Amino acid sequence: MGDEGVGVHAVRALQKKKLPPHVSCLDGGTGGMVLLGPMQEAQKIIIIDATMDGGPPGRVCRLVPKFSGDYPVALTAHDIGLKDVLDAFYLMGRVPEVILFAVSILPLSGGLSLDLSPEINKNLPQLIKTILMEIQ
Amino acid sequence: MATKRIVVDPITRIEGHLRVEAVVENGVITDAYSSGMMVRGLEIILRGRDPRDAWAFAQRACGVCTTIHALTSVRTVEDALGITVPKNAELIRNIMEAVLYVHDHVVHFYHLHALDWVDVVSALKADPGETSKIAQSISSWPKSSKGYFSDVRNRVQRFVDSGQLGIFANGYWGHKQMKLPPEVNLLAVAHYLEALEWQKEIVKVHAIFGGKNPHPNYLVGGMPCSINLNEVNAINNERLNFVGRLIKEANLFVNQVYIPDLIAIAGFYKDWGAIGGGLENYLSYGDFPTRGYNQPAAFKYPRGIVLDRNLNEVHEVDSSDPQQIREYIKHSWYNYSVGDDEALHPWRGETELNYTGPKPPFEHLDVTQKYSWIKTPRWRDKPMEVGPLSRMLVAYASGVPEVKSLVNDTLKRLNVPVGALFSTLGRTAARGLESILAAQWMQEFYDDLITNIKAGDTATFTRDKWEPSTWPESCQGVGMSEAPRGALAHFIRINDGAIENYQMVVPTTWNASPRDPAGRMSAFEASLIGTPVADIDQPLEIIRTIHSFDPCLACSVHLYDPRGKHIHKIRVV
C-alpha cells in the first residue's frame, strides 16, 4: 500500500533486469513463516523493505540484521513477519547471510493508493543500482 | 481493591495492530473495549478495476491467509456472473483451502498461541529423559528419544544465551498462571521447532497448484493450472505424487504431534473450559463444496447459525438478503451518507474514512464515541462469533456424524462437560479438531481428483462468461468462505465491466468489532467479561482469550500507524 510497497516495486524492476543464473527474485508479499522455506534454501539473502524509522523519505540503509531485534521499527504491519524468520534460522541451525536494504518512508498521507510517492519513485533507480552492485 | 483500567497495545503475536482496554474490578474484568488501530483501504483501491483482477488485490489483504481472500473473491465474481467451475477446479480449490487450514492452525498453535500456555524458559530446566517418557506415552511419533530432547534443550539454551529472546520476546515467562511442568514445556518447545520445519513443506502444495507462494494464482472460472499427466510443465504425475506425499505427512503431523500435544496441554488448563465464553451466537457460512458452490447442502461444513448456544436448532443465513447481514459504524471511524446510527448491507456499503480519535500518543480512547477502524457487522441485529468453534458448533448442531463423534470423543478424553466448548479452551480445541478433519478431507479431495483425472477429465477452467461482452450491464454477487479464522464474505457490484463497489466482511470484523448502536458487545469484548486477572501488570489471561480467536487484523484493518511506533507496553492506569 503506497510507499509500503517499495519492495514490491523494486522486485518487479529487478525481474526485468538480466540477473546471474544463481540469483532468484521473490516477492514475499505479506508472508511470514511461509517465507522460511524459500529463504532457507538460499546462501545469501538480500531483503528490500520499507521502514518508518524517521529518516528522510527515500533514504536507503544497508543493514546486516542477525536477530529480529536488529530490525528497524514498524517494518511491517504484520507482527509475525519477516523478522521472526531470522530467529527461526538460528533456532533451526541453518543461517544464511542476510543483507537488508531498508528504505525510509513516511506514514501514508492523502489517499490510499498502490503507487509510490514521487520522492520514493525518484530514488527507485538508485536503489536498483545499489542492489545490482550488491549482487555482484 | 479499586477499579483499574488496563490497556494492552498492541496485542503481540497476531497479524495487525489490535488494542484492548479492559476494566478490572477486584481481580476480574468487568468491561472491555477492542479497537483496530489501522485502516484497510482495499475497498477504495478496488473501485473501477476489472472484476477478474480483484482476487490479486484482495489476497494482499493478509500475509497468513493469503489464498482465502483470492478464493472468496473469485467466488464473488462467479456468483455475480453466474459461473460454475469445473469439478477439478473445485477439488483443487478445496485441497488448497484444506492445506491453508492445517498450515494456519499448526502455526497458530505452536508459534503464536502456545507461548500463552508454554513457558519456554522453564523448558530449559526439564529432564530430557522424563520428556522422552511423556512423549512416548502420548504418541507414536518417532522423534522422542532422550538424546533428541536433550539436543533441543541445548539449542534453545544457546539461543537464549545469545541475549536475544527475539521470537520468544513478549512472553510472560515465569507467570504464576503457567501450569505446565518443565518436561511438558520442553516437549512443546521441541514441537515448536518441528512445526517450523513441517510448515515449510506443506505450503508447497500452494505453489504446485497456484504457480507460486506466497500469494498463489487464482482465476475467475476455475484454476490457472493445466493438468497433463505426462507434460513437464503441467500438473503431471510427479507433481501429483508429491502432493499426495505432503498430504500423508500432514495427516501424520496433525494426529501424532499437534493433537497429542493439544490434549496433553489442555489437561493442565481445564479451568479455561469455563472462562472466555462471551457471545452465545455462532455463525458459519459453511465450506468445502462437493457439488458446486450453489449447493450448500453438499458442503463438508454446513452453513447456518446457532443462537443462544442451543445445539438443537440451526438457523438459515442468506448473505444476499439485505435484512440479514448489515454493518454499523456508530463506534467506527467512518461516515455513512444515511447517518451514523444506520446499518448498511455490504452491497450498499460505504467506505468513507473519518478519524475522530485522539492524536497519538494517547492514554485512552473515548469509548463513548467512535473508537475503532473496524466496522460492526450484525446478523439480524445480533452479534455473532465466527471461527473454528462456530464451524464445529454449527456442524454439531446440524448433526454431521464425523463432527459429532470427534467432539464427543474429545470431551470424554478431557473429561469435561459439553458446556466447556463455549470457552477459551473450546476455541483452541476446536481449531485442533478441525485440523484432523481438514487433513482427512484433503486426502478425500485428492483421491477424487486423481479418480477424475484418470477418467479422462482434465478441465480446470471454463471460458464461459470470461469475456466482458457476455456480461450483463450491471450485476451483483456475494462470495462466501470459511477462512481459517471464520466467516468471510466479499460483496461486489459490477457496472459496465468494472467494479462499482467492493466490500469485505472479514472474520476479525465480526469478532473484534466495537459495540453497535444498542451498546451490544462483539465477540472479543464479550469474551473478556468475567475473566480473572491474577497479576494486573502481566495480564496473560487477556492475551490467552484474545489469542484463542486467532485474531488477524491485517485484513480487518490496514496501515494506520501515525508515528510508525508500536507502544509495546501494558499500561495500568
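On one side of helix α7 of chain B, three residues point outward: B:Lys146, B:Arg158 and B:Asp161 are exposed (over 50% relative accessible area, against under 20% for buried and partly exposed in between, with a 1.4 Å probe and protein chains only). The other side holds B:Tyr148, B:Phe149, B:Val152, B:Val156 and B:Phe159, which are buried. Seen down the axis of α7(B), these buried residues fall within an arc of 95 degrees, so they line one face of the helix (the arc is taken from the directions from the helix axis to the C-beta atoms). Their cover includes α3 (82-92) from chain A, along with α5 (120-123), α6 (128-138) and α8 (182-202) from chain B.

This is a predicted model, where local features need pLDDT of at least 70, side-chain atom pairs need 80 or more, and totals for chains, interfaces and linings use all residues. Residues are numbered from 1 along each chain as written, chains are lettered from A and ligands numbered from 1 in written order, and side-chain values use heavy atoms, leaving out hydrogens and water.

Helix α7(B) itself runs over residues 146-161 and reaches 22 Å from first to last C-alpha, close to the 22 Å expected at 1.5 Å a residue (1.5 Å times one less than the number of residues). Helices (H or I, at least four residues) and strands (E, at least two) are DSSP runs, numbered from the N terminus. Just past the helix, B:Gly163 takes a positive phi of about 85 degrees.

Over in chain A, strand β1 (residues 44-51) is mostly covered, with six of its eight residues buried.

Key:
Contact means heavy atoms within 4.5 Å.
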